[in-house]
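Thanks for coming. I will take a few minutes on one structure, starting with a strand and then moving to the charged pairs.

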Amino acid sequence: GLALAMLDIDGLKTINDQGGHTAGDAAIRGVANGLLSALRGGDFAARVGGDEFIAVLTNCDSASLSKVLERIQTAASNGTGCAGNCPTVSIGGALLRRGDDAVALIHRADEAMYRAKRDGRNTSRLAA
């Protein structure tokens, strides 16, 4: 089925404060490049805010979604363009359920992402 992943760059404000916006921009590009490298055919991603990205993932069940999120997390933290100093990311994933609309799916993925943040960052969580 269809799934959604919400990604948030951990500590982008600190990167900007310590290294300036050039370092922050490099971190964003690095995470974006890593994210794109982890996508499969039929998947797509976009930046939706200063430090947030969204990925629409096709052909997922719970087990494959977990694997894709792990692959995205590793790739996003090792992306090209951030001079070997890419930040970590926190990710939330949600599978489309019968009766979901886009708002419900985004809300569940976003809640899972914030749970990943609360659980220590640099991790991923699936929506219940």
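**Strand S1 and the salt bridges**

Let me begin with one pair of residues: methionine 6 sits opposite isoleucine 54, which belongs to S3. Before going on, please keep in mind that this is a predicted model.

That pair is part of a longer contact. S1 and strand S3, residues 52-57, are paired antiparallel, with six bridges between them. S1 also pairs with strand S4, residues 89-95, again antiparallel, and here seven bridges join the two. In that second pairing, leucine 4 stands across from alanine 94 in S4.

Now to the faces of the strand. In a regular strand, side chains point alternately to one face of the sheet and to the other. On one side of S1 we have Ala3, Ala5, Leu7 and Ile9, on the other Leu4, Met6 and Asp8, and all of them are buried. With seven of its seven residues buried, S1 is therefore largely enclosed by the rest of the structure.

One of those buried residues is charged, which brings me to the salt bridges. How many does the structure hold? The count is six. I will go through three of them.

In one, the side chain of lysine 117 meets that of aspartate 8, at 2.4 Å from N to O. Lysine 117 is in helix H3, residues 102-118, and aspartate 8 is in strand S1, residues 3-9, so this pair ties together parts that lie 109 residues apart in sequence. Are these two partners buried or exposed? Lysine 117 counts as buried, at 13% relative accessibility, and aspartate 8 is buried at 6%.

Next, arginine 108 and aspartate 100 form a salt bridge through their side chains, at 2.5 Å, N to O. Arginine 108 is buried, with a relative accessible area of 11%. Aspartate 100 has 22% and is partly exposed; the cut-off for buried is under 20%. As for shared partners, salt bridges link Asp8, Asp10 and Lys117 into one network.

The last example is lysine 13 with aspartate 17, whose side chains meet at 2.8 Å, N to O. The two are four residues apart in helix H1, residues 12-38, so about one helical turn separates them. Lysine 13 is exposed, at 60% relative accessible area, and aspartate 17 is exposed too, at 55%.

To recap: S1 pairs with S3 and with S4, and its Asp8 bridges to lysine 117. That is what I had.

Note on methods:
Residues are numbered from 1 along each chain as its sequence is written. This is a predicted model: local features need pLDDT of at least 70, side-chain atom pairs count only at pLDDT 80 or more; totals for chains, interfaces and linings use all residues. Side-chain values use heavy atoms; hydrogens and water are left out. A salt bridge is a side-chain nitrogen of Lys or Arg within 4 Å of a carboxyl oxygen of Asp or Glu. Buried means under 20% relative accessible area, exposed over 50%, partly exposed in between (1.4 Å probe, protein chains only). Two strands pair if DSSP finds at least two bridges between them.
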